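Subject: A structure for you to look at

Hello,

I am handing a structure over to you, and my notes on it follow below. Please have a look at it first and then read on.

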Amino acid sequence: VASQKAIEKLGEIGFNVTLKEVGFGDEKKLVYEFFGVKQARLFWFIKKNAWVKVQVDAQTGQLLKIEKPWWALLASGI
């Protein structure tokens, strides 16, 4: 389930998967962290590689967090 959620967000790119513990104190939980690189177009014409990181809850499969570069709002394809 977790890998399917990541594929939906990252697409069919090669990505690395890591099992991590996140949170503090009693709020700790296990998450799968998927990291990949996608080709994007900055300002819709400059080709650039962009990293994308997705965290998925290991128990429920719920998408917790998506991280992209700050310039992602100026690009397409991410």
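**The aromatic pair**

By the rule for ring pairs, the count here comes to one aromatic pair. The partners are Y32 and F34, whose ring centres lie 6.5 Å apart with the planes at 45°, so the pair is tilted. How exposed is each of the two residues? Y32 counts as partly exposed because its relative accessibility is 29%, whereas F34 has a relative accessible area of 2% and is therefore buried. Please keep in mind throughout that this is a predicted model.

**The overall picture**

Let me step back to the whole chain. It has one helix and five strands, and from the N terminus on the order of the elements is α-β-β-β-β-β. The protein chain has 78 residues, of which 27% count as buried. Its accessible surface comes to about 5,400 Å², and 52% of that belongs to carbon and sulfur atoms. If you take the contacts between residues at least 6 apart in sequence, 37% of them join residues at least 24 apart.

**Two hairpins**

Strand 2 and strand 3 run antiparallel and are joined by twelve bridges. Which residue of strand 3 stands opposite L42? That place is taken by I46. The hairpin of these two strands has three residues between them, and F43 takes a positive phi near 55° there.

Strand 3 also pairs with strand 4 (residues 63-67): four bridges join the two, and they run antiparallel. Here Q55 has K65 of strand 4 as its bridge partner. This hairpin has five residues between its strands, and in the turn G61 has a positive phi of about 80°.

**A nonpolar patch**

Back at the first of these hairpins, you will find W44 in the loop between strand 2 (29-42) and strand 3 (46-57). Is W44 buried or exposed? Its relative accessible area is 53%, so W44 counts as exposed. Together with F43, F45 and I46, W44 makes a nonpolar surface patch of about 470 Å².

**Salt bridges**

How many salt bridges does the structure hold? There are four, and I will take you through some of them.

One of them is between the side chains of E33 and K20, at 3.4 Å from N to O. It links distant parts of the chain, with E33 in strand 2 and K20 in strand 1 (residues 15-22), 13 residues apart. E33 counts as buried because its relative accessibility is 12%, while K20, with a relative accessible area of 31%, is partly exposed.

Another one joins the side chains of E67 and K53, at 3.9 Å from N to O. Since E67 lies in strand 4 and K53 in strand 3, the pair ties together parts that are 14 residues apart in sequence. Both are partly exposed: E67 has a relative accessibility of 24%, and K53 has a relative accessible area of 23%.

E67 also forms a salt bridge with K65, where the closest N and O atoms are 3.3 Å apart. K65 is partly exposed as well, with a relative accessible area of 39%. K53, K65 and E67 are thus linked in a network of salt bridges. You have already met K65 above, as the bridge partner of Q55.

Best wishes

Conventions: Residues are numbered from 1 along each chain as its sequence is written. This is a predicted model: local features need pLDDT of at least 70, side-chain atom pairs count only at pLDDT 80 or more; totals for chains, interfaces and linings use all residues. Side-chain values use heavy atoms; hydrogens and water are left out. Patches are made of residues with over 30% relative accessible area and no salt bridge: like charges are joined within 9 Å, nonpolar side chains (Val, Leu, Ile, Met, Phe, Trp, Tyr) within 5 Å. Accessible areas come from the Shrake-Rupley method with a 1.4 Å probe; for residues, only the protein chains shown count as cover. Buried means under 20% relative accessible area, exposed over 50%, partly exposed in between (1.4 Å probe, protein chains only). Two strands pair if DSSP finds at least two bridges between them. Rings of Phe, Tyr and Trp (its six-membered ring) pair if their centres lie within 6.5 Å; planes under 30 degrees apart count as stacked, over 60 as edge-to-face and the rest as tilted. Contact means heavy atoms within 4.5 Å.
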